[in-house]
Amino acid sequence: MTVNVSVTVNGMRHEISGVEPRLLLSDFLRDTLGLTGTHVGCEHGVCGACTVLMDGHSVRSCLTLAVQANGSEITTVEGLGTPETLNVLQTQFREHHGLQCGFCTPGMLMTGEDLLRKYPLATDEEIREGLSGNLCRCTGYQNIVAAIRSAAALRRENA
Amino acid sequence: MKPARFEYVAPASVDAAVETLLAANGEGKLLAGGQSLLPLLNFRMARPAVLVDLNGIKELSFIELRGESVVIGALTRHREIEHSPLIASRLPVMSAAMRHVAHLAIRNRGTIGGSLSHADPAAELPMMAMFYAARLTVQGPAGRRTIAAKDFFVDALTNCLEPEEIVVEIEFPIPQHDGWVFEEVARRFGDFALASIAVSIRRGQSGIEDARVAAMGVADTPLRLEDVERRLCEIEIDVRMPDRFCEWVRSSVSPNSDLHASGEYRKHLLGELARRALKTALAAKGDRR
């Protein structure tokens with residue numbers, strides 16, 4: 001059996017027919033829509049690299065079926081900013097050297113976006129708790145925490 | 001594509017979901033938040049013929065005050081419980097436990113009905129169901145019935161449901177307590193607990209009038225320690241009370257060893273958490289940990 005999936009990704013509407021229900025949202029985004037910014041790491045919900053926003057909330061796209069995204073709005077890392085106009089969090093990742101190899105970065109950014117919306121992020125402990133579901137093998141997390149700390153401070157200044 | 005092929009059905013009502021399960025003849029599997037099921041599907045450790053997606057059944061998603069209880073719909077997400085003012089004011093221990101439930105993205109999808117049904121012995125919501133003496137309403141081909149949490153959790157990852165039964169809502173009676181603590185230690189924040197304890201008490205003139213104690217990570221199911229609760233109410237409050245409590249808690253569990261920690265360590269850890277928890281519960285009213 002196949003199903004139709006109608007989904008808005010980064011503001012653009014897609015109507016895709018012939019989708020197998022077992023297709024994961026991560027593979028749908030990458031293979032069907034060609035949005036390879038979403039990275040696939042462990043494919044069982046441990047590493048957080050495939051995190052995207054679904055109706056404004058971060059979800060692991062490897063633990064969500066594409067058919068479950070039917071009717072929803074998805075934001076991937078491609079939807080945050082462009083190379084010329086990075087958003088606030090992306091800018092802070094660049095300023096603080098919050099990435100090395102970059103594999104975990106899309107997941108870190110999408111998780112960071114959700115954290116900035118939901119929590120005050122007044123302490124590093126809170127930021128680290130928030131990032132506990134995202135693995136990075138390069139940075140030791142220090143600069144990722146610094147980038148999010150800085151983005152939270154900028155948000156407070158602008159509030 | 002990682003999961004094996006399945007037929008996908010998204011019923012709009014609990015009645016329809018039960019019918020779909022019946023028609024699947026034991027080959028059906030319920031999909032709620034999917035945060036435990038999808039890894040099993042991706043590994044092909046679970047290969048259901050029919051996947052019954054409950055996410056379209058909107059009436060299963062609510063948190064409401066009903067008499068002296070808070071009732072939570074089975075499809076309510078962890079995130080909604082974590083940020084609910086009603087839960088924070090009436091079930092503060094659950095509110096405190098929620099930020100320990102997995103990670104942000106998991107809490108955004110995971111549901112209370114799914115977590116209880118999955119029955120992981122080191123998960124916070126099954127422990128909270130035991131702690132609050134929750135009652136689960138489930139629906140099957142024969143209609144609805146209510147199951148006490150202590151009867152619901154049979155073994156690790158095993159509940160008492162019949163194959164065609166679905167958890168519909170969970171009732172949490174509100175305890176009239178004034179001091180409470182939730183303590184947990186995990187290897188990494190958000191991971192399953194090595195050990196955890198929840199304590200809440202109501203202080204009277206001379207001692208503790210009513211107590212509630214639950215633990216997890218130390219047995220095949222979450223535990224409510226009713227003997228320890230009774231003993232807390234039988235003695236006067238003094239400086240030795242937390243130490244005695246620590247010993248009672250330790251002597252009432254016999255955890256197994258596994259990859260993550262030895263049984264001896266878990267028992268020691270639980271006692272320490274118990275000692276800390278009671279000190280805090282006695283010292284402060286409504287302290288949040």
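Reader: Which domains is chain B divided into?

Author: A domain assignment splits a chain into stretches that can be looked at one by one. In this predicted model, chain B is divided into domain 1 (7-56), domain 2 (58-173) and domain 3 (179-283).

Reader: Okay, let me take domain 2 and domain 3 of chain B. How far apart do their C-alpha centres lie, and how many residues are in contact?

Author: Start with the spacing, then look at the contact. The C-alpha centres of domain 2 and domain 3 of chain B lie 22 Å apart. On the domain 2 side, 24 residues are in contact with 26 residues of domain 3. Together the two domains bury about 2,100 Å², with 69% of that on carbon and sulfur atoms.

Reader: Which residues of domain 2 lose the most area there?

Author: Those are His100(B), Met127(B) and Phe131(B), which together make up 31% of what the domain 2 side buries. As for polar links, the count between domain 2 and domain 3 of chain B is 3 residue pairs in polar contact, and the salt bridge count is 0.

Reader: Which elements of domain 2 give two or more residues to that side?

Author: Helix H5 (92-98), H8 and strand E8 (153-155) of chain B do. H8(B) has the largest share, with 6 residues. By class, that side of domain 2 divides into 18 nonpolar, 2 polar and 4 charged residues.

Reader: Let's stay with H8. Is helix H8 of chain B enclosed by the rest of the structure or left open?

Author: Burial is read residue by residue, and buried means under 20% relative accessible area. Helix H8 (residues 124-131) of chain B has 8 of its 8 residues buried, so it is largely enclosed by the rest of the structure. Among them are Glu124(B), Pro126(B), Met127(B) and Phe131(B). Just after H8(B), take a look at the backbone: Ala133(B) has a positive phi of about 50 degrees.

Reader: Where else should I look for a positive phi in a residue other than glycine?

Author: Try Asn25(B), with phi near 55 degrees. Asn25(B) sits in the loop between helix H1 (14-24) and strand E2 (28-31) of chain B. Its relative accessibility is 66%, so Asn25(B) counts as exposed. Over in chain A, His97(A) also has a positive phi, near 55 degrees. You'll find His97(A) in the loop between helix H2 (88-95) and helix H3 (105-118) of chain A. At 48% relative accessibility, His97(A) counts as partly exposed.

Reader: What about a polar side chain inside a strand? Is Gln139(B) buried or exposed?

Author: For a case like this, check accessibility and then the partners. Gln139(B) lies in strand E6 (residues 135-140) of chain B, and Gln139(B) is buried, with a relative accessible area of 7%. Its side chain makes a polar contact with the side chain of Asp15(B) at 2.6 Å. Another polar contact, of 2.8 Å, joins the side chains of Gln139(B) and Arg144(B). Leaving aside neighbours within four places in sequence, the residues in contact with Gln139(B) include Val14(B), Val18(B), Glu164(B) and Ile166(B).

Reader: Now the two chains. How many residues of chain B are in contact with chain A?

Author: Read a chain interface in layers: residues, area, then polar links. Here 34 residues of chain B are in contact with 31 residues of chain A. The two chains bury about 2,800 Å² between them, 59% of it on carbon and sulfur atoms. The count is 4 salt bridges; one of these joins Lys2(B) and Glu43(A), with the closest N and O atoms 2.4 Å apart. There are also 18 residue pairs in polar contact between chain B and chain A.

Reader: Which elements of chain B supply at least two residues each to the side that touches chain A?

Author: Strand E1 (7-9), helix H2 (37-42), strand E3 (50-53), helix H3 (78-82) and helix H6 (104-109) of chain B. H6(B) gives the largest share, 6 residues. By class, this side of chain B has 15 nonpolar, 8 polar and 11 charged residues.

Reader: And how is chain A divided?

Author: Into domain 1 (3-79) and domain 2 (88-158). Their contact takes 18 residues from domain 1 and 15 residues from domain 2 of chain A. The two domains of chain A bury about 1,200 Å² between them. His39(A), Leu53(A) and Val77(A) supply 35% of the area that domain 1 of chain A buries against domain 2, more than any other three residues.

Conventions: Residues are numbered from 1 along each chain as its sequence is written. Chains are lettered from A and ligands numbered from 1 in the order in which they are written. This is a predicted model: local features need pLDDT of at least 70, side-chain atom pairs count only at pLDDT 80 or more; totals for chains, interfaces and linings use all residues. Side-chain values use heavy atoms; hydrogens and water are left out. Buried means under 20% relative accessible area, exposed over 50%, partly exposed in between (1.4 Å probe, protein chains only). Helices (H or I, at least four residues) and strands (E, at least two) are DSSP runs, numbered from the N terminus. Contact means heavy atoms within 4.5 Å. Buried area is the accessible area (1.4 Å probe) that two parts lose on being put together, summed over both. A salt bridge is a side-chain nitrogen of Lys or Arg within 4 Å of a carboxyl oxygen of Asp or Glu. A polar contact is a pair of N or O atoms within 3.5 Å; within protein, one must be able to donate a hydrogen and the other to accept it, and residues adjacent in sequence count only if both atoms are side-chain atoms. Ala, Val, Leu, Ile, Met, Phe, Trp, Tyr, Cys and Pro count as nonpolar, Asp, Glu, Lys and Arg as charged, and the others, Gly among them, as polar. Domain bounds come from an automatic or database domain assignment.
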